[in-house]
Amino acid sequence: MRILVVKLASLGDLLTITPALRALRTTFGDAHIGVLTTPGSAPALRGLDSHDEIITFDKFAFDRPSDAVRSLPSALRLTSELRAGDWDTLLLLHHLTTAFGIAKYAALSVGCGARRRVGLDNGRGRWFLTDAAVDHGFGWQHEVEYWLDVVSVLGAHHPRVPRLELCIAPDDDGWAAARWDALRTGEAALLVPGSGAFSRARRWSPDRFAAIGQALLERHGLTPLVLSGLEPDEAPLAERVAAQIGPAAKLVAPAPGAQALGALLRRCRLVVANDGGVVHVATAVGTPVVAIFGPSNDRAWGPYPVDEIRNQVVRERLACAPCIHRGHSFGTPQGCPARTCLAVVGVSEVLSAAERALSFSGPIVTSV
């Protein structure tokens, strides 16, 4: 069998497919498994034995119809490359939401030449998918479980409790060890006040992040580390939080990759972060995490597994929330001007979640 798995996504979304890849590898040990993903996210799969090949494509060049026209030559080259790969089966690990998005995934699925095309169907993909798992809508179950449903159509099943996977190499651990030594810290909690490029509406108040850092220092003696993200405005954001905490806080520059970040996170006692890729890296390495959600859908993208005490979610269940990825709709990544769903999340709620996460004392399954 030659199976092509399609997940054109950012870091956190890509990590959610790693249990499905493990199910495929376990069930079809002799299959050749390829993954089609974005160039920026592809390195997160480095070192995993659950795939044999990675193909990259800049899907962000096709986010708008006008962009797609200009980028058509690269799409035609991808189609030619995929057809040359002689794939038997394509697994589309995406929801079918907008009309333009459906058209793109249909063109990719049919154009690759695979005889069997499997994905999630909410009634919009029956004309190009040959087999499908049922899509009940965003948040009906976690994204990890949706992708396990898709591979189960082929008969693939995960051998254990599914977990996100990240392969940390000695070089990654060496980078983290050097960074940790330079920080000269003991036990620490990492604060992540940024949220990446997809939606700045996901950011909780930096003043409240500072209050969390101060409280964790006073109650548990955890040195507050503040992570500076890759977006241009995230460095001054981290500096602001660290300055408000005081001299005990330490700034942490962005890691060179997901694995190096994972090696750093597994040295921390706790991660407190907005919804974003850092949450999924933390869960992949087994570090207790508090994920703060506002306009986005925690039932879809919260820390996984959802029932473990070390994985905590804090959000207010307002009637209007979530406004990103709700039901079968893409929603509004910019949120509303008031950002009420985040404004009403208090420091005491996040601290209570942190206490629960820190109470975790079971075995930690870290990386593969």
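The following conversation goes through several assignments in this predicted model and the reasoning behind them.

Colleague: What makes the pair Trp-127 and Phe-128 edge-to-face?

Modeller: The ring centres of Trp-127 and Phe-128 are 5.2 Å apart with the planes at 75 degrees; since rings pair when their centres lie within 6.5 Å and count as edge-to-face when the planes are over 60 degrees apart, the pair is edge-to-face. A search of the whole structure finds three aromatic pairs, and this is one of them.

Colleague: Why is the pair Trp-204 and Phe-209 called edge-to-face?

Modeller: For Trp-204 and Phe-209 the planes stand at 70 degrees and the centres 5.3 Å apart, and because the cut-offs are over 60 degrees for edge-to-face and within 6.5 Å for pairing, the pair is edge-to-face.

Colleague: How do you know whether Trp-127, of the first pair, is buried or exposed?

Modeller: Its relative accessibility is 63%, and exposed means over 50%, so Trp-127 counts as exposed. Phe-128, its partner in the pair, has a relative accessible area of 1%, and because buried means under 20%, Phe-128 is buried.

Colleague: Which values decide between buried and exposed for Trp-204 and for Phe-209?

Modeller: Trp-204 has a relative accessible area of 2% and Phe-209 a relative accessibility of 0%; with buried set at under 20%, Trp-204 is buried and Phe-209 is buried.

Colleague: What makes you say that a charge sits over the ring of Trp-87?

Modeller: The charged end of Arg-2 sits over that ring at 4.6 Å from its centre, and the distance cut-off for such an arrangement is within 6 Å of the ring centre.

Colleague: Why are β9 and β12 said to stand at the edges?

Modeller: The six strands form an open sheet in the order β9-β8-β7-β10-β11-β12, with parallel pairing. Within that order, β9 (250-252) and β12 (311-314) each have a single partner strand, so one side of each lacks a neighbour in the sheet. From one strand to the next, the twist averages 20 degrees.

Colleague: How do you know that strands β7 and β8 pair?

Modeller: β7 (residues 188-192) and β8 (residues 223-227) are joined in the parallel sense over four bridges, where pairing requires at least two bridges. Ala-188, for instance, stands opposite Thr-223 in β8.

Colleague: Which helices lie on these strands?

Modeller: Helix α8 (residues 206-220) lies across β7, β8, β10 (270-274) and β11 (289-292), and runs at about 170 degrees to β10. Helix α9 (residues 234-245) packs on the sheet and touches β7, β8 and β9, its direction making about 165 degrees with that of β8.

Colleague: What surrounds Leu-190, among the residues with the most contacts inside the largest nonpolar core?

Modeller: That core has 62 residues, and Leu-190, leaving aside neighbours within four places in sequence, is in contact with residues including Leu-225, Leu-227, Val-252, Leu-265 and Val-271. A second, separate core of 30 residues includes Leu-191, Val-226, Val-241 and Val-272.

Colleague: Why is His-280 counted as buried or exposed, and why Asp-181?

Modeller: His-280, in helix α11 (residues 277-285), has 3% relative accessibility, and because the limit for buried is under 20%, His-280 counts as buried. Beyond its neighbours within four places in sequence, His-280 is in contact with Gly-12, Leu-15, Leu-164, Trp-301 and Gly-302. Asp-181, found in helix α7 (residues 170-183), has 56% relative accessibility, and since exposed means over 50%, Asp-181 counts as exposed.

How values were computed: Residues numbered from 1 in each chain as written. Predicted model: local features only at pLDDT ≥ 70, side-chain atom pairs only at ≥ 80, totals over all residues. Heavy atoms only, no water. Core = buried A, V, L, I, M, F, W, Y, C linked by side-chain atoms within 4.5 Å. Buried < 20%, exposed > 50% of the residue type's maximum accessible area, 1.4 Å probe, protein only. Contact = heavy atoms within 4.5 Å. Phe/Tyr/Trp six-rings, centres within 6.5 Å; stacked < 30°, edge-to-face > 60°. Lys NZ or Arg CZ within 6 Å of the ring centre and 35° of its normal. Helix = DSSP H or I, 4+ residues; strand = E, 2+ residues; numbered from the N terminus. Axes fitted to C-alpha atoms, helices over the stretch in contact; angles between N-to-C directions.
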